[in-house]
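Colleague: Before we begin, I should like to learn how to read cysteines and aromatic rings in a model. Please take one feature at a time.

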Amino acid sequence: QEYWHSGPEAYRGLFEEDLARACGYTAVGCPRPGRGDGCLTLLGPRAALLGPPETVHFGDFGDRVAQILHIGLAGPEGEDGGPPLELLLVNTHLSFPHAPPFSSVRLDEVRRIVAALDRVRAERGLAHALPAVLCGDFNGSP
């Protein structure tokens with residue numbers, strides 16, 4: 001979710017080192033261009049990256065980004081269930097503020113994510129039916 005890549009060492013260390021060491025998490029960052037923040041995705045010990053992370057730069061006024069990860073999820077420890085479940089995991093922080101005119105900006109950002117998912121599937125030879133999970137801060141109201 002939203003993460004300060006240029007934050008104090010103690011802050012970054014909590015996520016990038018302490019969680020990794022104590023819990024076996026893998027931290028995958030995605031900074032916004034020219035900014036100190038961005039997104040950070042923490043993958044648990046049963047999740048493995050199956051390809052390089054893909055960054056989607058929206059190129060709008062907020063320089064917002066999304067990160068697409070192709071991951072495999074293994075079954076619970078001790079469970080021999082065959083190959084891991086594969087999916088595309090998207091983490092983003094859509095534009096702010098919540099005023100109605102910005103709803104169209106956020107909608108355009110979601111359209112760019114969908115287009116990037118299609119492109120990643122095509123470039124990597126992944127099935128179009130490969131599930132995608134979208135998470136993050138959508139900065140919107142129903």
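**Cysteines and aromatic rings**

Modeller: Cys-39, at 1% relative accessibility, counts as buried (under 20% relative accessible area; exposed is over 50%, partly exposed in between, with a 1.4 Å probe and protein chains only). The model is predicted, so local features need pLDDT of at least 70 and side-chain atom pairs pLDDT 80 or more, whereas totals for chains, interfaces and linings use all residues. Residues are numbered from 1 along each chain as its sequence is written, and side-chain values use heavy atoms, without hydrogens and water.

Colleague: How many disulfides does the structure hold?

Modeller: A disulfide is a covalent bond between the sulfur atoms of two cysteines; the criterion here is a pair of cysteine sulfur atoms within 2.5 Å. The structure holds 0. Cys-39 is in no disulfide, the nearest cysteine sulfur, that of Cys-30, being 5.6 Å away. For Cys-23, the closest cysteine sulfur belongs to Cys-135 and is 18 Å away, too far for a bond.

Colleague: Which rings are linked into a cluster?

Modeller: A pair of aromatic rings is described by the distance of the centres and the angle of the planes. Rings of Phe, Tyr and Trp (its six-membered ring) pair with centres within 6.5 Å; planes under 30 degrees apart are stacked, over 60 edge-to-face, the rest tilted. The whole structure has 3 aromatic pairs. One of them is Tyr-3 with Tyr-11, stacked because the centres are 5.4 Å apart and the planes at 20 degrees. Tyr-11 also pairs edge-to-face with Phe-15, at 5.3 Å and 65 degrees. Ring pairs thus link Tyr-3, Tyr-11 and Phe-15 into a cluster.
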